[in-house]
Amino acid sequence: MAKDHADQGLDRELDELPADLRWGEWMRRIEAVLFASASPVPREDLARVVGQEASVDLLIDDLMADLEGRSFEVAKVAGGWMLRTRPAYAAAIRTAADVGEQDLGLREYDVAVLAAIAYHQPITRDGLKDIFGKEISRDLIGRLHARGLIGTGPRSPRRGAPYTYVTTEQFLVAFDLESLQDLPDREQLEDAGLAVG
């Protein structure tokens, strides 16, 4: 969301409304902002459309309850909230709507490389080579980058200052994670036979 726009005369406090109507209007504002945004909206952006004394978290909780039983939901991902269709309706959407191919199209090896980046970021291609015992192709890195799942991180302080790779907000959204702290425990992955180095 654009953070540099003035509130354009938006009455945040809504003092003229009774408390229950004021709360309902704040909920609808949050719903409208989430509906209009293609990416997760952080708390501080949502706080800009409600009164100073309003709790964004409580408003979100009430909005979630209000949407219970509907085809879409409020989800907390990548440090913010977004509206999304409930998974139960995915087949209906694919059948009736032209939503294009939204499958990430990742092979098992691609996911393993992506997991290694997530757990070891920022990491260089040499670091990935150390984990996998072989060179990671520029093509694979390019595909992960093109899908918006990874980006370039800070240059490594080593000789030649190679690029490092990090996961992105799109990675968090694609894997339904609020933050990197929500990644599965590495020991659990290893116990399941999914080592990430």
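**Talking through the predicted fold**

Me: How many helices and strands does the secondary structure of the protein come to?
Reply: This is a predicted model, so take everything here as computed from it. The secondary structure adds up to nine helices and four strands.

Me: In what order do the elements of the protein run from the N terminus on?
Reply: There are nine helices and four strands to place. Reading from the N terminus, the order is α-α-α-β-β-α-α-α-α-β-β-α-α.

Me: How much of the protein do buried residues make up?
Reply: The accessible surface comes to about 12000 Å², and carbon and sulfur atoms hold 51% of that. As for the buried residues, the cut-off is under 20% relative accessible area. Out of 197 residues, the buried share is 34%.

Me: Of the contacts with a separation of 6 or more, what share comes from residues 24 or more positions apart?
Reply: Take the contacts in the protein whose separation is 6 or more. Residues 24 or more positions apart account for 52%.

Me: Where is E73, and is it buried or exposed?
Reply: E73 sits in strand 1, which covers residues 72-77. Its relative accessibility is 16%, and the cut-off for buried is under 20%, so E73 counts as buried.

Me: Which residues is E73 in contact with, leaving aside its neighbours within four places in sequence?
Reply: One partner shows up in a polar contact, since the side chains of E73 and R86 come to 3.0 Å. With neighbours within four places left out, the full set for E73 is M82, L83, R84, R86 and P87.

Me: How far apart are the closest N and O atoms in the salt bridge of R84 with E73?
Reply: Side chains of opposite charge can pair when their charged atoms come close. R84 and E73 form such a salt bridge, with the closest N and O atoms 3.2 Å apart.

Me: What does the pair R84 and E73 tie together?
Reply: The two form a salt bridge. R84 is in strand 2 (residues 80-85) while E73 is in strand 1, so their pairing ties together parts that are eleven residues apart in sequence.

Me: Is R84 buried or partly exposed?
Reply: Its partner E73 is buried, with a relative accessible area of 16%. R84 has a relative accessibility of 27%, so R84 counts as partly exposed.

Me: Where does R86 lie, and what does its pair with E73 tie together?
Reply: The side chains of E73 and R86 meet in a salt bridge at 3.0 Å, N to O. R86 lies in the loop between strand 2 and helix 4 (90-96) and E73 in strand 1, so the pair ties together parts that are 13 residues apart in sequence. E73 is buried, and so is R86.

Me: Which residues are linked in a network of salt bridges?
Reply: The structure holds 14 salt bridges. Those of E73 with R84 and with R86 are among them. The linked network is made up of E73, R84, R86 and D176.

Me: How far apart in sequence are R29 and E25, which both lie in helix 1?
Reply: Their side chains meet in a salt bridge at 3.4 Å, N to O. R29 is buried at a relative accessible area of 12%, whereas E25 is partly exposed at 32%. Both lie in helix 1 (residues 19-36), about one turn of the helix apart, or four residues.

Me: How are helix 1 and helix 3 oriented to each other?
Reply: Residues of helix 1, including W23, W26 and I30, meet residues of helix 3, including L58, L59 and L63. The helices pack with their axes 10 Å apart, at an angle of about 80 degrees. Helix 1 and helix 3 are therefore roughly perpendicular.

Me: How far apart in space are I30 and V49, C-alpha to C-alpha?
Reply: I30 is found in helix 1 and is buried, with a relative accessible area of 0%. Its contacts, neighbours within four places aside, are L46, V49, V50, L59, I60 and L63. I30 and V49 are 19 residues apart in sequence, and their C-alpha separation is 7.3 Å.

Me: Which residue has its backbone oxygen 2.5 Å from a polar atom of the T164 side chain?
Reply: T164 lies in the loop between strand 3 (150-152) and strand 4 (165-167). T164 is buried, with a relative accessible area of 4%. The backbone oxygen 2.5 Å from its side-chain polar atom belongs to P154.

Methods: Residues numbered from 1 in each chain as written. Predicted model: local features only at pLDDT ≥ 70, side-chain atom pairs only at ≥ 80, totals over all residues. Heavy atoms only, no water. Helix = DSSP H or I, 4+ residues; strand = E, 2+ residues; numbered from the N terminus. Buried < 20%, exposed > 50% of the residue type's maximum accessible area, 1.4 Å probe, protein only. Polar contact = N/O pair within 3.5 Å; in protein donor to acceptor, adjacent residues only side chain to side chain. Contact = heavy atoms within 4.5 Å. Areas by Shrake-Rupley, 256 points an atom, 1.4 Å probe, with all protein chains shown as cover. Salt bridge = Lys/Arg side-chain N within 4 Å of Asp/Glu carboxyl O. Axes fitted to C-alpha atoms, helices over the stretch in contact; angles between N-to-C directions. Parallel < 35°, antiparallel > 145°, perpendicular 65-115°, else oblique.
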